[in-house]
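Let's take a walk through a protein model together, starting with a few single residues and ending with the spaces and cores they help to form. Keep the viewer open as you read.

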Amino acid sequence: MSKSLKRVRAALEAAGAAVDIRETDGARTAEMAAKAVNCHVDQIAKSIIFQAQDSETVVLFLTAGGRQVDLAAASALAGLALQRADATVVRNQTGFAIGGVSPVGHLSPIRVFMDEHLMAFEQIWAAAGTPHHVFCIEPKELCALTRAEIGAFSL
């Protein structure tokens, strides 16, 4: 088991969350991950990391799998001029590689916004620290666990 996957499992267990981590059979997209766990594509919570244009501050946006982050809306919500963070910044700030960024288990605290569209589901699936593992959780529980602010920032 990878260090990242162990860190996510430990964070979920420490929070008292049920741990249902599954492998996605090499899924590389939200559509493929949804097929692997037999759910709607919007039940896949994509973790998108943005960085402030004038600092090293990063912000995590949890977005429904079939949607994309609207950069202008995301910047307005965060109160920062944002840009997509590069792979090195993502790894250094979160401890995860792009494609496996989990909403929990980060190396340091991170501000989180959650797509309001995720709240429509009883359960959602989020990356578990690797590009090939996801965990199942109730949206309200994930919101509380990450201290996410719910917002409208996706298209």
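Before we start, one term: two residues are in contact, or touch, when they have heavy atoms within 4.5 Å. Also keep in mind that this is a predicted model.

Let's begin with serine 47, which you'll find in strand E2. Not counting residues up to four places away in sequence, serine 47 touches Leu60, Phe61, Leu62, Val101, Ser102 and Pro103. Its side chain also reaches the backbone oxygen of valine 101, at 2.9 Å. Is serine 47 buried or exposed? Its relative accessible area is 17%, so serine 47 is buried; the cut-off for that word is under 20%. If you want a sense of distance, try glutamate 149: serine 47 and glutamate 149 are 102 residues apart in sequence and 14 Å apart in space, C-alpha to C-alpha.

Stay on strand E2 and look for glutamine 51, which is found there too. Glutamine 51 counts as buried because its relative accessibility is 12%. A polar atom of its side chain lies 3.1 Å from the backbone oxygen of serine 55. Leave aside the neighbours within four places in sequence, and glutamine 51 is in contact with Glu56, Thr57, Val58, Ala81, Leu82, Gln83, Ala85 and Val89.

Now for some empty space. Rolling a probe the size of a water molecule over the atoms shows where empty space is left. The largest pocket in this model holds about 670 Å³ of space. It's lined by 30 residues, and the closest to its centre are Arg28, Lys46, Ser47, Ile48 and Gly99. So our friend serine 47 turns up again, as one of the residues closest to the centre of this pocket. Which element gives the largest share of the lining? That's E2, with 7 residues. Helix H2 (30-37), strand E6 (124-127) and strand E7 (133-137) each supply at least two residues as well. By class, the lining divides into 18 nonpolar, 8 polar and 4 charged residues.

There's a second largest pocket too, with a volume of about 240 Å³. Of its 14 lining residues, Pro103, Pro109, Ile110, Leu145 and Thr146 lie nearest its centre. Helix H1 (3-14) and helix H5 (139-146) are the elements that give two or more residues to this lining. Sorted by class, there are 9 nonpolar, 4 polar and 1 charged residues.

While you're at helix H1, find lysine 6, which is in that helix. Lysine 6 counts as partly exposed because its relative accessibility is 48%. It makes a nice example of how a chain folds up: lysine 6 and glycine 105 are 99 residues apart in sequence, yet 9.0 Å apart in space, C-alpha to C-alpha.

Next, the cores. In soluble globular proteins, nonpolar side chains tend to be buried together. Here, the largest nonpolar core has 29 residues, and those with the most contacts inside it are Ile49, Met114, Phe135 and Leu142. H1, E2, strand E3 (58-64), helix H4 (87-94), strand E5 (111-115), E6, E7 and H5 each give two or more residues to this core. The largest share, 4 residues, comes from E3. Apart from this core lies another one, of 11 residues, among them Ala33, Val37, Val41 and Val134.

Go back to the larger set and zoom in on methionine 114. Leaving aside neighbours within four places in sequence, its contacts include Leu62, Met119, Ile124, Leu142, Ile150 and Phe153.

Strand E7 has a buried residue worth a visit: histidine 133 is found there. Why does histidine 133 count as buried? Because its relative accessibility is 19%. Its side chain and that of threonine 130 are joined by a polar contact of 2.6 Å.

Finally, the backbone. Most residues other than glycine have a negative phi. Asparagine 38 has a positive phi of about 60°, although it is not a glycine. Arginine 147 also has a positive value, near 55°. Where do they sit? Asparagine 38 is in the loop between H2 and E2, and arginine 147 is in the loop between H5 and strand E8 (149-151). Asparagine 38 counts as exposed because its relative accessibility is 73%. Arginine 147, with a relative accessible area of 74%, is exposed too.

Notes
Residues are numbered from 1 along each chain as its sequence is written. This is a predicted model: local features need pLDDT of at least 70, side-chain atom pairs count only at pLDDT 80 or more; totals for chains, interfaces and linings use all residues. Side-chain values use heavy atoms; hydrogens and water are left out. On a 1 Å grid over the protein atoms alone, a cavity is a set of points where a 1.4 Å probe fits but cannot get out, and a pocket is an open set with protein on both sides within 12 Å along at least five of seven lines; lining residues have an atom within 4 Å of a point. Grid points are joined across faces, edges and corners, and a volume is the space filled by probe spheres set on the points. Ala, Val, Leu, Ile, Met, Phe, Trp, Tyr, Cys and Pro count as nonpolar, Asp, Glu, Lys and Arg as charged, and the others, Gly among them, as polar. A nonpolar core is a set of buried Ala, Val, Leu, Ile, Met, Phe, Trp, Tyr and Cys residues joined through side-chain atoms within 4.5 Å. Buried means under 20% relative accessible area, exposed over 50%, partly exposed in between (1.4 Å probe, protein chains only). A polar contact is a pair of N or O atoms within 3.5 Å; within protein, one must be able to donate a hydrogen and the other to accept it, and residues adjacent in sequence count only if both atoms are side-chain atoms.
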